[in-house]
Amino acid sequence: MTMADSPETDDDTLGSVHEREALRRIFPRLPESSVTVIGPGDDAAVLAAPDGRYVVTTDMMVHGPDFRWGWSAPYDLGWKAAATNLSDIAAMGAVPTALVVAIAAPATTRVTELEAIADGLREACAELAPGCGVVGGDLSVSATFTIAVTAFGDLEGRAPVLRSGARPGDVVAVSGPLGAAGVGLRLLFEAGVDAQGRPSPERAAELRRDHAEVVLAQLRPHPPISDGPLAARAGATAMLDLSDGLALDARRVAEASGVAIDIDSSALGADPLAALASGEDHSLLAVFAPGTELPGGFRHIGSVVEGTGVLVDGRPYDELGGWDPYVGWDGRSG
């Protein structure tokens, strides 16, 4: 009996079945892309590019600074890895079309865990960006679990929406939640640990039940992907994905455009501080010309003015206002 003929079990690990058998089990679970000409199986995929251009981005999630197994299920990780990349494509005004996924995992990782990651990737694409699929990737071994995703998108003939187009008088708007993911992360750090301060699956499960909205906003975000192309069609002058925090990311638009962004705290909900400084909502921040009817789920939160940096209610906001992995990580592996 060959290894490929051996019965599958939930205890199979990457070390026991090896790469070829693991990939055989994972591939059928991955979503197909609507632009695939040649998919997984050769040295590279071939994709159609109807626009003649394509948008590309990449992001990785490393166990420790980016996620922790004590809180995230494999399905969550697959979903979030897709969502964070899909939102970057949407922030350029493009429609996500394809993902390439690379995973480095310990040899003791169960194959069923990789299958669950594939399920998360598939269902995130189906719900957030129908027609987007996984067209290839890589699987390797590492003591630290890492997933890296490269995403591609179609501009459909439109110009990309950059960070540098905001002008004084423009309207600043956001689509998606502000602060929920940060509140969820704070709960996990404060209550989702055991007596030694280590991530606790049991306490995380309790938080999922009792504070589902904010905890799942952190572990399984739902960015408004379709609103990116809608913003582009409505003439958005600047846009970006709110991955690191509203104030920090708004400052990036302000610096790229040579303007200041004045945020109205009354438009930020019940917890303006969390809305300003929490990261990982993966909402979309966009700027529109005055008088534009805001598309999709966008709502007004401020304005573009002369000056530099970020203002809140007309006053300079000098805090970092978000997440920086080089200063915001406590060093634990999770």
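**Group meeting: strands and helix pairs**

In strand S6, Gly-153 is the bridge partner of Pro-96. I start there, and then work outward.

First, the ground rules. This is a predicted model, where local features need pLDDT of at least 70, side-chain atom pairs count only at pLDDT 80 or more, and totals for chains, interfaces and linings use all residues. Residues are numbered from 1 along each chain as its sequence is written, and side-chain values use heavy atoms, with hydrogens and water left out. Helices (H or I, at least four residues) and strands (E, at least two) are DSSP runs, numbered from the N terminus. Two strands pair if DSSP finds at least two bridges between them.

Now strand S4, residues 95-105. How does S4 pair with S6, parallel or antiparallel? Antiparallel, over nine bridges, with S6 spanning residues 146-154. Val-95 sits opposite Asp-154 of S6. S4 also pairs with strand S5, residues 133-141. That pairing is parallel, over eight bridges. There, Val-100 has Gly-136 of S5 as its bridge partner.

S6 has another neighbour. Strand S3, residues 55-62, runs antiparallel to S6, and eight bridges join them. Val-56 stands opposite Phe-152 of S6.

How covered are these strands? Buried means under 20% relative accessible area, exposed over 50%, and partly exposed in between (1.4 Å probe, protein chains only). Eight of the 11 residues of S4 are buried, so S4 is largely enclosed by the rest of the structure. S6 is mostly covered too, with seven of its nine residues buried.

Next, an open sheet. Seven strands make it up, in the order S8-S10-S7-S11-S9-S12-S13, with mixed pairing. Which strands are at the edges? Strand S8 (238-242) and strand S13 (315-316), each pairing on one side only. S8 pairs with strand S10, residues 283-288, in the antiparallel sense over five bridges. Met-239 is opposite Ala-286 of S10.

A helix lies across part of this sheet. Helix H8, residues 246-257, crosses S8, strand S9 (260-263), S10, strand S11 (299-305) and strand S12 (309-312). H8 runs at about 155° to S8. Axes here are lines fitted to C-alpha atoms, for helices over the stretch in contact, and angles run from 0 to 180 degrees between N-to-C directions.

Two helix pairs remain. Take helix H2 (residues 74-90) and helix H3 (residues 111-128). Their axes come within 6 Å and cross at roughly 40°. That makes H2 oblique to H3 (under 35 degrees is roughly parallel, over 145 roughly antiparallel, 65 to 115 roughly perpendicular, the rest oblique). H2 passes H3 in a right-handed crossing (the near helix is turned clockwise from the far one by less than a right angle; anticlockwise is left-handed). Contact means heavy atoms within 4.5 Å. Among the residues making the contact are Trp-79 and Leu-86 of H2 and Ile-117 and Leu-121 of H3. The contact residues divide into 12 nonpolar, two polar and four charged. For these classes, Ala, Val, Leu, Ile, Met, Phe, Trp, Tyr, Cys and Pro count as nonpolar, Asp, Glu, Lys and Arg as charged, and the others, Gly among them, as polar.

Last pair: helix H4 (residues 180-191) and helix H5 (residues 201-210). Their axes come within 10 Å and cross at roughly 140°. H4 and H5 are therefore oblique to each other. Their crossing is right-handed. Leu-187, Leu-188 and Ala-191 of H4 meet Arg-203, Ala-204 and Leu-207 of H5. By class, this contact has five nonpolar residues, no polar ones and one charged.
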